[in-house]
Amino acid sequence: MTQSATVASVAAGQTQVNPGMQDATQIVPVAAAATSSKRRKRRERHPAMPKHGSLLTRLGEHFKRYWQLWLMVTPAICFIGLFAYVPMYGVQLAFRDFVPSKGLTGGPWVGLKYFRQFLESPMFGNIMKNTISISLWTMVMGFIAPIILALLINQIGSTKVKGFVQTITYMPHFISTVVIVAMINIFLTPGTGLLGRFLGDTSLLGNPNLFTPIYWVTEVWQHVGWNSIIYLAALSSVDTALYEAAKVDGARRFQLIRYVDFPTILPTCGILLILNMGSVLNVGFEKVFLMQNALNLSSSEVISTYTYKIGIVSNQFSYSTAIGLFNTLINFVFLVIANAISKRVSETSIF
Amino acid sequence: MFINKTWLDKLGLKMPTTWDELTKVLTAFKTQDPNGNGKADEVPFNMRRIDTTGFSLWNPFVLLNSLGITTSFAGTSPSFQGIYVKDGKVGNFLESDEYKSVVKYLHSLMEQGLIPADALTREDSAITADTVSDGKTAKSGMIVGWATTDFEKLQDQYVALPSLKATASTPDSEVTWDASQDLTELSNHAIAVSKNAPNKEAVYKVVNALYSEKVSIQQYYGDIPEDVTSSDNSTYTVNDRCFDSSTKDPCKATADRFAGWIPDSATIKNDKASEALREADSAYTKAFANVDETKDVMPIYVRPDVDDQTTITNNNTAVLNYALTKTATWIQKGGVDADWDAYVKKLDSVGLTQNVKLWQKYYDEYTKN
């Protein structure tokens, strides 16, 4: 959740609009059209910026007209600038040999040494495979499940039952990761566990082939209710006249979902998918680390746990920064690709 | 290693001295209901799971000492990564036949149900739960631990189990015990003063005060007079409360993470933790006689330089990642014989040999004089 939120705010920062960007972008053309629709047609140019005149006067005009909007986004811009962009100067650590006494920027420049070290490490292939498989499974399943749940909840007639189901499904979202993993462990304990008692005398967590499924199933179980809220909000905006019309045309319940509900939430799905793609390699550290044991290590070592072992346990801060930066770059590439695809397919995109 | 003496006495068994005898004792623990509650809930060997980063404290591979490889799993010793020294020669036990034997033995214990089948995935909380049990009925037959205080209310039932011989024919002189050296004495938890510090005189006064007898004792054990009572100027009695983990009002102390010095002239009474540790240690006097502190242990002051340390660490991550997974699988499912050659080859290819060479280099350099 936090990951996608960060990506969202970074993206918002780049396009210089506040998180409610859809609204903002809608307001601008409306205002423009109101002032002079004729001129706009002729010149294909924003009326707030006269063709002639220096950049400064044009900027002045712009701010004079839209200062309220700028005022509104200022806090967000400051926040992102301070907490997302300013700390980025520390990234140079990935290209330097870190010397504690000289500080972050003091060590000698070594270029891509640490990136090469990571790519040539015998662990590289295994780590990438694990990271990608765990995150893709989690992303795809974590994307589909809330949509299905939202469509189902939307079918419940009684508001009481609806509220009850919603509360029950999103309750696990508030349990902390440590507790969740402890619960998984207890559930899977052979002999006494809720599930473990039916599954032989060893814990499923010891089976490397089952690590990924256990991870994504529990992840989906924990967050499905919470993530479906946004779809439910989208569904609540469906015009009831559409349902009536469809019913008159003889549509059954399933067809209502297929032809009315589903198209309504599709743009929301698109945006959320793009945002999720941005964190495709960001498998959360805590959960994987807590679920790790010597038996499943071959399929549970991911980039973040490896960074921890390298960076914190063995004090190689430059190396772990390089791995982290590599991770971020891959994520960024994924984000751009997903955005481009979405733009082409459904005309929904964030930049 | 600690074993339940009450159970041994009840079943009329002797303290085991070899691996075979230990297996027999553990089998008896499993089958003959030594805790007398009518249920087969005994955990013969309450083994800790193998850590994912290396050989941490209290792992079952202290059994390597039965075969003459001296381990030192506490502190920051390279034993954590498998490095050992024997007669001045550095090696890595991960590819030794001794390691193979221990793995085989642990697998045999697991096969017979003497180690819980899920031991390798069990969390520490589950291990502790079986160790301290409910405070009345013991559940653990044997553990690898720190002192009998690990068992809290049940500590009277347990005694330290002296280092075992692998087989009856192993010569006594081969058997050693984990010889971890005192890290606190040399490195951690001391005070450093920056050479650029202004008001050095004032700083030194604070440091002096910290290292005085009275303040040191308060740092280590707790406040005077709430936690420690002092009858005269050199005798101190520690409150029982300081050793009760279930108390809501623990003693305010930093214990061994303190910056101070307790002189030999001070007499401490009722220091239960140290007494228990000394008692546990006394079981290994015979085994320690076979250990030479520099020839059979990597001395704690041997430290590779920064570059080599980096190489060693990077190799280790790959080595341990592979070796620990393999080891865990072998203990669980067996098959060590079939996989062994390929395993050793793979370890060498990811840097194990290079690490051994580097450690040998630094060992030679530091122990020359």
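Author: Let's start with a term: a salt bridge is a side-chain nitrogen of Lys or Arg within 4 Å of a carboxyl oxygen of Asp or Glu. Keep in mind that this model is predicted.

Reader: Okay, so how many salt bridges are there between chain A and chain B?

Author: The count is 0. Polar contacts do turn up, though: 4 residue pairs across the two chains, both residues at pLDDT 80 or more.

Reader: And how do I read the size of an interface?

Author: People often quote the accessible area that is lost when the parts come together. Here chain A and chain B bury about 1900 Å² between them, and 63% of that is on carbon and sulfur atoms. On the chain A side, Ala294(A), Leu295(A) and Leu297(A) lose the most area, together 29% of what that side buries.

Reader: How many residues touch, and what kinds are they on the chain A side?

Author: Count 25 residues of chain A in contact with 22 of chain B. The chain A side splits into 11 nonpolar, 11 polar and 3 charged residues.

Reader: Which helices of chain A supply at least two of those residues each?

Author: Look for α8 (177-188), α13 (297-300) and α14 (303-313). The largest share, 3 residues, comes from α14(A).

Reader: What about strands? Which way do the neighbours of β5(B) run, parallel or antiparallel?

Author: Take β5 (residues 140-143) of chain B: 2 bridges join it to β1 (residues 2-4), running antiparallel. Another strand, β2 (residues 43-45), is joined to β5(B) by 2 bridges and runs parallel. Find Met142(B) in β5(B): it is the bridge partner of Ile3(B), and also of Phe45(B).

Terms used: Residues are numbered from 1 along each chain as its sequence is written. Chains are lettered from A and ligands numbered from 1 in the order in which they are written. This is a predicted model: local features need pLDDT of at least 70, side-chain atom pairs count only at pLDDT 80 or more; totals for chains, interfaces and linings use all residues. Side-chain values use heavy atoms; hydrogens and water are left out. Contact means heavy atoms within 4.5 Å. Buried area is the accessible area (1.4 Å probe) that two parts lose on being put together, summed over both. A polar contact is a pair of N or O atoms within 3.5 Å; within protein, one must be able to donate a hydrogen and the other to accept it, and residues adjacent in sequence count only if both atoms are side-chain atoms. Helices (H or I, at least four residues) and strands (E, at least two) are DSSP runs, numbered from the N terminus. Ala, Val, Leu, Ile, Met, Phe, Trp, Tyr, Cys and Pro count as nonpolar, Asp, Glu, Lys and Arg as charged, and the others, Gly among them, as polar. Two strands pair if DSSP finds at least two bridges between them.
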